[in-house]
There are 2 protein chains.
Amino acid sequence: MPDKVVTAAVLVIGNEILSGRTRDTNLAWLAGELTKLGIRLTEARVVADTQGAIVAAVRDLKEKYDYIFTTGGIGPTHDDITAEAVAMAFEVPLVRHPEAVRRLEANYATPADLNEARLRMANVPDGAALIDNPISKAPGFRIGNVHVMAGVPAIMQAMFDGLRSELVGGRKMLARTIDVDLAEGVMAAELAAIQRAAPEVEIGSYPRMRQGRPSAAIVLRSVDGAALVGAVDAVLAMMRELGGAPRDDGSATA
Amino acid sequence: MPDKVVTAAVLVIGNEILSGRTRDTNLAWLAGELTKLGIRLTEARVVADTQGAIVAAVRDLKEKYDYIFTTGGIGPTHDDITAEAVAMAFEVPLVRHPEAVRRLEANYATPADLNEARLRMANVPDGAALIDNPISKAPGFRIGNVHVMAGVPAIMQAMFDGLRSELVGGRKMLARTIDVDLAEGVMAAELAAIQRAAPEVEIGSYPRMRQGRPSAAIVLRSVDGAALVGAVDAVLAMMRELGGAPRDDGSATA
């Protein structure tokens with residue numbers, strides 16, 4: 001799908017994020033990786049470990065976006081209810097996956113270690129395909145466009161790395177960042193005019209303070225390299241016209 | 001409302017978070033502060049700077065939760081469209097707020113500095129009340145249960161600090177964390193039984209590796225102090241029974 005815009009949503013599942021106890025890092029990591037793959041992360045949500053919240057979010061997101069990635073709630077304890085909730089969202093039964101059982105059996109020293117709670121980690125919605133977990137073995141799974149991954153960042157990242165080759169991105173988003181010693185309010189009318197003239201470029205303005213003086217980072221993003229360069233040139237000329245000294249990062253990477 | 005559960009949602013608005021360019025810190029900060037106020041953050045969303053996405057999220061969230069807090073998109077540039085979108089979500093016109101204009105006038109050295117783009121920062125949905133911005137003056141606003149704040153963390157935090165006295169929390173959530181040198185899978189059946197016996201306590205299990213060995217943090221949360229202590233005692237006894245050496249943080253704070 002090289003010409004299509006491919007979209008994704010991330011669903012972070014976990015009370016610990018919402019209580020402020022744990023600072024989520026999975027969203028930022030996935031945002032960067034999806035961008036590199038030419039997949040546009042379009043929405044993210046954080047919901048609690050409750051069946052109603054997870055089911056409603058999965059149902060809503062899977063209809064709206066090409067890819068959904070969830071993190072959290074796939075361990076062995078009573079608060080790990082993601083697999084059940086995803087099965088419910090897809091209206092399929094939860095089944096014990098034989099290959100997942102085999103992987104768990106291989107991972108525990110004795111049959112007694114693989115207790116019923118741990119065997120729950122082999123439960124997946126009927127029809128799901130496993131997502132490898134090279135670290136702690138208990139797999140994630142994919143059903144439809146929903147990819148269910150662990151919440152522990154190292155495990156989530158390893159799972160995602162294994163998925164990469166299956167994910168089909170669209171045209172890569174190219175980006176340029178221009179830092180300038182001007183307040184964004186000074187450039188706003190001119191920036192808006194450049195944005196109107198280049199609708200295929202997404203122009204973002206991010207104010208910051210630098211040594212107590214207002215400055216701004218202007219970020220230009222587009223899948224169209226020529227349009228991007230044209231808009232960057234217009235922004236640089238505008239900044240110089242207004243007496244600014246822009247610093248262009250010169251790269252046009254995602 | 002001391003006996004009521006008071007809920008909140010956070011809506012983070014900004015392409016820069018979804019592209020991975022900027023790591024959001026506002027959600028984690030708000031999560032912690034709301035918890036301290038006895039307000040339960042129940043959902044968070046991140047959406048792009050597009051009118052449709054913001055309007056849909058605000059409409060949905062304002063019906064579901066007691067308080068909504070948005071961050072981002074209230075500056076002077078073309079990509080700052082939060083005020084317009086919130087007006088649309090409430091189906092009221094966007095109006096120029098006289099007191100907001102006065103604050104902006106007081107903040108700029110000359111009338112020429114307060115250009116039309118900057119004056120846009122005085123536009124709010126009809127009927128909105130201003131939220132003070134002690135740092136860069138351009139105010140946020142509240143309409144209904146929706147509090148619209150800046151995206152720059154220092155400004156957002158200052159705005160929230162000014163709001164605190166207006167926010168009415170419910171019973172404070174008390175929490176205890178118990179670290180133990182046991183894998184969560186070993187304790188899972190027992191934890192589930194303790195959870196069943198104490199439905200008014202929310203028991204979360206968070207696996208971690210410590211010096212290459214599995215361990216876990218069990219977090220118990222409740223608005224009911226006696227129920228919390230009972231469940232903590234049950235968890236400690238269970239861990240010792242299983243040969244673990246639990247370390248209880250001993251505190252019962254939010």
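## Exercises on a predicted two-chain model

In β11(B), B:Asp179 has B:Ala217 as its bridge partner. That pair is our way into a predicted model, and the exercises below work outwards from there.

**Exercise 1. Work out which strands make up the open sheet that holds β9(B), and in what order they come.**

Step 1. Start with the neighbour we have just met. Strand β9 (residues 174-180) of chain B is joined to strand β11 (residues 213-222) of chain B by seven bridges, and the two run antiparallel. Besides the opening pair, B:Leu174 has B:Ser222 as its bridge partner in β11(B).

Step 2. Now look for another partner of β9(B). Two bridges tie β9(B) to β12(B), again antiparallel. Here B:Ile178 is matched with B:Asp248 in β12(B).

Step 3. Go back to β11(B) and look for its pairing with β10(B). Nine bridges link β10(B) and β11(B) in the antiparallel sense, including the one between B:Ile203 and B:Leu220 of β11(B).

Step 4. Put the pieces together. The open sheet has four strands, ordered β10-β11-β9-β12 (chain B), with antiparallel pairing. The edges are β10 and β12 (247-248) of chain B, since each of them pairs on one side only.

**Exercise 2. Find how many residues separate β10(B) from β11(B) in their hairpin, and which turn residue has a positive phi.**

Step 1. Count the link: two residues sit between the strands of this hairpin.

Step 2. Check the backbone in the turn. B:Gln211 is the one to pick out, with a positive phi of about 50 degrees.

**Exercise 3. Describe the side of chain B that touches chain A: how many residues, from which elements, and of what classes?**

Step 1. Get the count. On chain B, 44 residues are in contact with 44 residues of chain A.

Step 2. Assign them to elements. Those giving two or more residues on the chain B side are α1 (15-18), α2 (26-36), β2 (39-47), α6 (116-119), α8 (184-197) and β10 (202-210).

Step 3. Sort by class. The chain B side comes to 20 nonpolar, 14 polar and ten charged residues.

Step 4. Zoom in on β2. Strand β2 (residues 39-47) of chain A and β2(B) run antiparallel and are joined by five bridges. In that pairing, A:Glu43 stands opposite B:Val47.

Step 5. See how the predictor scored the model: ipTM is 0.94 and pTM is 0.94.

**Exercise 4. Which residues of helix α2 (residues 26-36) of chain A are buried, and what covers them?**

Step 1. List them: A:Asn26, A:Leu27, A:Leu30, A:Ala31, A:Leu34 and A:Thr35.

Step 2. Look down the helix axis. The buried residues of α2(A) fall within an arc of 155 degrees, so they line one face of the helix.

Step 3. Find the cover. From chain A it includes β1 (6-13), β2, β3 (67-71) and α7 (153-163), and from chain B it includes α1.

Step 4. Follow the chain past the helix. After α2(A) comes A:Gly38, with a positive phi near 80 degrees.

**Exercise 5. Explain why A:Ala198 counts as buried, and say where it lies.**

Step 1. Place the residue. A:Ala198 is in the loop between α8 (184-197) and β10 (202-210) of chain A.

Step 2. Count its neighbours. A:Ala198 has 20 C-beta neighbours inside 10 Å, and the cut-off for buried is 20 or more, so this residue qualifies.

Step 3. Name some contacts. Setting aside neighbours within four places in sequence, A:Ala198 is in contact with A:Ala227, A:Gly230 and A:Ala231.

Step 4. Compare sequence and space for one more pair. A:Ala198 and A:Ser222 are 24 residues apart in sequence, while their C-alpha atoms are 9.9 Å apart.

**Exercise 6. Sketch chain A as a whole: what are its domains, span and secondary structure?**

Step 1. Split the chain. Chain A divides into domain 1 (6-166) and domain 2 (174-248), and the C-alpha centres of these two domains lie 39 Å apart.

Step 2. Add the dimensions. Along its principal axes, the C-alpha trace of chain A spans about 75 × 40 × 30 Å.

Step 3. Fill in the elements: nine helices and twelve strands.

Step 4. Look at burial and contacts. Chain A has 254 residues, 51% of which count as buried. Among its contacts with a separation of 6 or more, 69% link residues 24 or more positions apart.

Step 5. Finish with confidence. The average pLDDT of chain A is 94, and 97% of the residues score at least 70.

How values were computed
Residues numbered from 1 in each chain as written. Chains lettered and ligands numbered in written order. Predicted model: local features only at pLDDT ≥ 70, side-chain atom pairs only at ≥ 80, totals over all residues. Contact = placed C-beta atoms within 7 Å. Nonpolar A, V, L, I, M, F, W, Y, C, P; charged D, E, K, R; others polar. Pairing = 2+ DSSP bridges. Buried ≥ 20, exposed ≤ 12 C-beta atoms within 10 Å, placed from the backbone. Arc of directions from axis to C-beta. pLDDT = per-residue confidence, 0-100. Domains from an automatic or database assignment.
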